[in-house]
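Trainee: I would like a close look at one part of this model. Please take the boundary between the two domains of the second chain, and then set it beside the rest.

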Amino acid sequence: MLEVRDLHAFYGRAHILHGVSLEARAGEVVALLGRNGAGKSTAMKAIMGLVPPAHGEVAFAGKRIDRLPPYRIARLGLGYVPEERRIFTELSVVENLEVGRQPARDGAPTWTEDKLFALFPNLANMRERPGGRMSGGEQQMLTIARTLMGNPRCVLLDEPSEGLAPIIVEQMANSIRALKGEGLCVLLSEQNLHFSQAVADRAYIIEKGQIRFGGSMAELTADASLREQYLSV
Amino acid sequence: MTFSSILIQLLNGLAAASSLFLVSAGLSLIFGVTRIVNFAHGSLYMLGLYGAYSLIELFGRTPLGFWSAVVLAALVVGLVGVLIELAVLRRIYRAPELFQLLATFAIVLIIKDIALFTWGAEDLVGPRAPGLSMAVEIMGKRVPAYDLLLIVIGPLVLAAIWLLLTRTRWGALVRAATQDREMVGALGVDQAKLFTSVFFVGAVLAGLGGALQIPREPANLELDLAVIADAFVVTVVGGLGSIGGAFLAAVIIGVAKAFCIGMGSVTWFGVEISFSKLTLVVEFLIMALVLVVRPYGLLGKPQAAQRVAAEPAPPFKVPSWGFALVWLALLVIVPWVTDRYAAILLTDIVCFALFSVSLHFIMGPAGMVSFGHAAYFGIGAYAAGLLLKRAGLPMEAALLIAPLIAGAFAIVYGWFCVRLSGVYLAMLTLAFAQISWSIVFQWDSVTGGSNGVFGVWPSPWLADKTVYYYLALALCGAGIAFLWRVMFSPFGYALRAGRDSPLRAEAIGIDLRRFQWAAFVLVGALAGLAGAVYAFSKGSISPSTISIAQSTDGLVMVLLGGVETLTGPVVGAAIFTWLRDVVARNTEFWRAVIGLVILLIVLLFPQGLVGGLKALVMRWREWPA
């Protein structure tokens, strides 16, 4: 579904990604793990076209997307949920969803407001509330729901568990499993290994802009030295 | 004043407020979504007024002819807006914001000359609205029926915009993009189409604002800058991006102006106050007051920083001594080997070079964009002239004291300005420049009003044009060298630190406001020096030295050369001054020619001329590697 090969990206003059390769298949949850500043968010943004890739290939559903502007990438069915959530604070919950709305798409589940409110019941009670007056957890739900309104085939989730209360993290894990159940492919970036173990089938470890490990979640769980070297703080 | 005359002024003001609101709402919408300060918005208003005039002539002076002309004119202006967006702005959305500003200046110049070509230089007085030319009697006074209609149209349009923004998908997209347009793009929305549609709506509003004024105001070529200044004031007073705020501000300003006209001269406690003379400044006084009390306008909110992946400004490089000496030698030799005219043109160029470098200092290293830099240039010029003619000082003394007076004004103006930042700051500088302009323009007994000051000639030993050129070169050259030197002093570093990260600069103990204030005064004095030198070279001073057009000329010079280099503003000043001289001698439509040249440069070199050439050289050097 999503295939990244030898991706390089810069922030201004700083070379952040040094040849990242990874892939995610339909119906699969893949975690991109790494410490702060390892390049997780940049990798997400480079795939989405928000940071133009300097070198390398990104293919999505069999089509090269590494030269496309973000809106074209989104319209191919790749959804992006930013780490900072980037809720439209002046807009109500339903208006935030409206901005994300795209036509139905073959080979991807079609989302409606009602279906999303079923997935994130907290949101159903605050349809008219401005995005700026919601808690962090509610905003995190809304930002995912907003992206799902575009009926994506694959979603990039940038640090979905960051800064959330444990009970909300639990809900988030359930939601991600539900997305997997719908047949979506999910690529999530995380620092939280425990959370990733609960939801992901496979994992990559990124450090200093390079992939250091790629394999099943079970392999990573079994290898303590790997976790020690790249993930422990 | 009786109650009925107060009511009449109120109605008058409300009628004027409607058009003001329409044009400001359009400006505000466009700025919100595209972050472009569209200087050409006043030009669109002007086109609406001219267009309505011609269409009414075409359709006939019947109610149907009148109203279809007004609506059609607004729609045509909307299409002009779309054309501007597609042909120019779409190509430069990734360029620095200031460069987009430069492009809109170029469009102002081009539209002005298109209007001159199409409609001529004479004012065109439109017909009264057929069917509405009678007056309605209210409390014994007669009020034009058309004014009452305008009073109704304003709130109707406000309601329509509000519905559009809150009840449609388009409105949700516009409001979302105003906050975070990159995220809107990542959700699959084609920003280019959204921008084009916003430009269309904004331009239609400007065109409608102009077209509706046809029975009240003659179409003329000065409207573009006059209206844009008014619209800036209204949007800033109301709060950028707030449509309701724009309406409130338009009403306040429209009514305040009407009262100033209506009250005429009033004697209070033995002091005669001429309110009609206040008309030209009252809106700027309101704006200055509002911005000091509420820095984001009446209904505005602090602006969310738009996410742009722009690189930080690169450090400046000092021009080498060898480079400077070669140029200096050339500048000294040129008048010897060419004619007297070259000396005159070169004098202009060095004056504008200092003007432009001083503007660059405040915009570039200090990060405070000024839309009203002509204030200090003009005050310097007038101070020099008045010290010579009215105070009877010798010319040399007048020349040296004038910059101090300009600096003194900068102390006052700067105190207010450094409290703001970004677009609000730029608008406030424009307000102060306009206040200065209208004082100069109206104070006949001292400044000579619209005629200006005559007989401002240098002392006999400087009478020769070439000798005076050397003086100008020495003074302005020293001013430029001084500003460049200051840029690399701890003071200059502190300013640049404050520009790049105000919080961090303050956290390491820099009192940023004081530094910015000092920078304001410094560049004010040096712009004043440029103005004083310029005044004596011309022998006369007119209010145009302090006008908006003079301020925008300065911006064009800086941006044309490029903000990111030191030599850019000098090159920009030279090219602009030379080009204007050459083109103006050959065609009546010199503005359009300059506008087209600017557009070409904007599209080819989005970093300015000097920056663009440097990038080319860099690329060429890096080629083998």
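Mentor: What follows starts at that domain boundary and then moves outward to the chain contact, a hairpin and two loop residues. Keep in mind that this is a predicted model.

Start with the division itself. Chain B splits into domain 1, residues 3-293, and domain 2, residues 321-555. Their centres, taken over C-alpha atoms, are 32 Å apart. Across the boundary, 17 residues of domain 1 of chain B are in contact with 18 residues of domain 2 of chain B. Which elements supply the domain 1 side with two or more residues each? They are helix H4 (97-119), helix H8 (223-238) and helix H10 (275-293) of chain B. H10(B) gives the largest share, 8 residues. Now look at the chemistry of that side. It has 16 nonpolar residues and 1 charged residue, with no polar ones.

Next, the contact between the chains. Chain A brings 24 residues to it, and chain B brings 19. On the chain A side, the elements giving two or more residues are helix H2 (70-75), helix H3 (93-100) and helix H6 (136-148) of chain A. By class, this side of chain A has 12 nonpolar, 6 polar and 6 charged residues.

Chain B also holds a hairpin. Strand S1 (135-138) and strand S2 (141-144) of chain B pair in the antiparallel sense, over 4 bridges. B:Val136 has B:Val143 in S2(B) as its bridge partner. The turn leaves 2 residues between S1(B) and S2(B). One residue in that turn, B:Met139, has a positive phi of about 50 degrees. That deserves a second glance, because most residues other than glycine have a negative phi.

Chain A offers two further cases. A:Arg86 is not a glycine, yet its phi is positive, about 50 degrees. A:Arg86 lies in the loop between strand S6 (78-81) and H3 of chain A. Is A:Arg86 buried or exposed? A:Arg86 counts as buried because 22 other C-beta atoms lie within 10 Å, and the cut-off for buried is 20 or more.

A:Lys208 is the other case. Its phi is near 50 degrees, again positive in a residue other than glycine. A:Lys208 sits in the loop between strand S9 (202-207) and strand S10 (210-216) of chain A. With 13 other C-beta atoms within 10 Å, A:Lys208 is partly exposed. An exposed residue would have 12 or fewer.

Technical notes
Residues are numbered from 1 along each chain as its sequence is written. Chains are lettered from A and ligands numbered from 1 in the order in which they are written. This is a predicted model: local features need pLDDT of at least 70, side-chain atom pairs count only at pLDDT 80 or more; totals for chains, interfaces and linings use all residues. Two strands pair if DSSP finds at least two bridges between them. Two residues are in contact if their C-beta atoms, placed from the backbone, lie within 7 Å. Ala, Val, Leu, Ile, Met, Phe, Trp, Tyr, Cys and Pro count as nonpolar, Asp, Glu, Lys and Arg as charged, and the others, Gly among them, as polar. Domain bounds come from an automatic or database domain assignment.
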